[in-house]
Amino acid sequence: MLFGVTCVSACGGGGDIAAPPPTAPRLEIASIVLEDPATGDIVFSHDNHWHGFPVVRVGQPRTLRVHFVKQGRAPDDHDMPPRNEWFTLQPHPDHALPVVIEDPTRAQWSGDRLGGAVVGQSAGASRMSFRVLRNTTTVWEAPPLNLVVR
């Protein structure tokens, strides 16, 4: 009687096992800075609140550039982050910046991940929210920002 033996080897030293693809490092964000390039006005977040708020006119767009800061500040340090610490989402094409205005009858936002324009629709107040997404995952969210339309 003849018996056949079959051996299958699962080991090997050829390095054929594929390494997982490298993941991009997590984007570190501590705060957000909004800059009006026409006036030089700046508002920025600090911990769970903002320093300043944008004022827009009915029917007139106000351009805001969006910058971020990696380094957090001490709770009692309310100074604006130095410009040399600001960065944008320009080198991060897989990130998006959805901006939502709480009451779209007061104002509307039109923009991309680098900034945009807010246009007043009717006089009053509302709030804006800024989130940074990587694909569909929220990476960071700013505290709500008050907005005044005159």
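These are my notebook entries on a predicted model of one protein chain.

**Entry 1: confidence**

I checked the confidence before anything else. Mean pLDDT for the chain comes out at 87, with 81% of residues at 70 or more. Going by strand, β3 (residues 49–51) has the lowest mean, 93, and β13 has the highest, 98. Residues 5–12 are another story: pLDDT stays under 50 there, and the model gives that stretch 0 contacts beyond four places in sequence. Low pLDDT means the predicted coordinates should not be read in detail. I left residues 5–12 alone after seeing pLDDT under 50.

**Entry 2: the overall layout**

Next I pulled the secondary structure. I got 13 strands and 0 helices, so the pattern along the sequence is just β repeated, β-β-β-β-β-β-β-β-β-β-β-β-β. The chain has 150 residues, and 32% of them count as buried. I also looked at contact range: of the contacts between residues at least 6 apart in sequence, 61% join residues at least 24 apart. For the surface I noted about 9,500 Å² accessible, with 53% of that belonging to carbon and sulfur atoms.

**Entry 3: what pairs with β5?**

I went through the pairings of β5 (residues 61–69). Strand β1 (residues 31–35) runs antiparallel to β5, and 5 bridges join the two. One of the bridge pairs I wrote down there is I32 with F68. Strand β10 (residues 115–120) also pairs with β5 in the antiparallel sense, again over 5 bridges; T63 has A117 as its partner in β10. Then there is β6 (residues 86–87), antiparallel to β5 with 2 bridges. F68 turns up here too, with F87 as its bridge partner in β6.

**Entry 4: the nonpolar core**

Which residues have the most contacts inside the largest nonpolar core? I found I32, L34, F68, F130 and V132, in a core of 27 residues. Strands that each supply at least two residues of this core include β1, β5, β8 (99–101), β9 (107–112) and β11 (124–134). Also among them are β12 (137–141) and β13 (145–149).

I followed I32 a bit further. Skipping residues up to four places away in sequence, I32 touches V43, F44, S45, W50, V66, H67, F68, F130, W140 and A142. So F68 is on the contact list of I32 as well as being its bridge partner in β5.

**Entry 5: S45, buried or exposed?**

S45 was on the I32 list, so I looked it up, and S45 is buried because its relative accessible area of 3% falls under the 20% cut-off. S45 sits in strand β2 (residues 42–46). Beyond four places in sequence, the contacts of S45 are S31, I32, W50, W140 and P143. I noticed that W50 and W140 also appear among the contacts of I32.

**Entry 6: V99**

Last stop was V99, in strand β8. V99 is buried too, because 14% relative accessible area is under 20%. Where are the contacts of V99? Leaving out neighbours within four places in sequence, I get W109, M128, S129 and F130. F130 is one of the residues with the most contacts inside the core, and F130 is on the I32 list as well. I also took a C-alpha distance to V132: 9.1 Å in space, for a pair 33 residues apart in sequence.

Note on methods
Residues numbered from 1 in each chain as written. Predicted model: local features only at pLDDT ≥ 70, side-chain atom pairs only at ≥ 80, totals over all residues. Heavy atoms only, no water. Helix = DSSP H or I, 4+ residues; strand = E, 2+ residues; numbered from the N terminus. Buried < 20%, exposed > 50% of the residue type's maximum accessible area, 1.4 Å probe, protein only. Contact = heavy atoms within 4.5 Å. Areas by Shrake-Rupley, 256 points an atom, 1.4 Å probe, with all protein chains shown as cover. Core = buried A, V, L, I, M, F, W, Y, C linked by side-chain atoms within 4.5 Å. pLDDT = per-residue confidence, 0-100.
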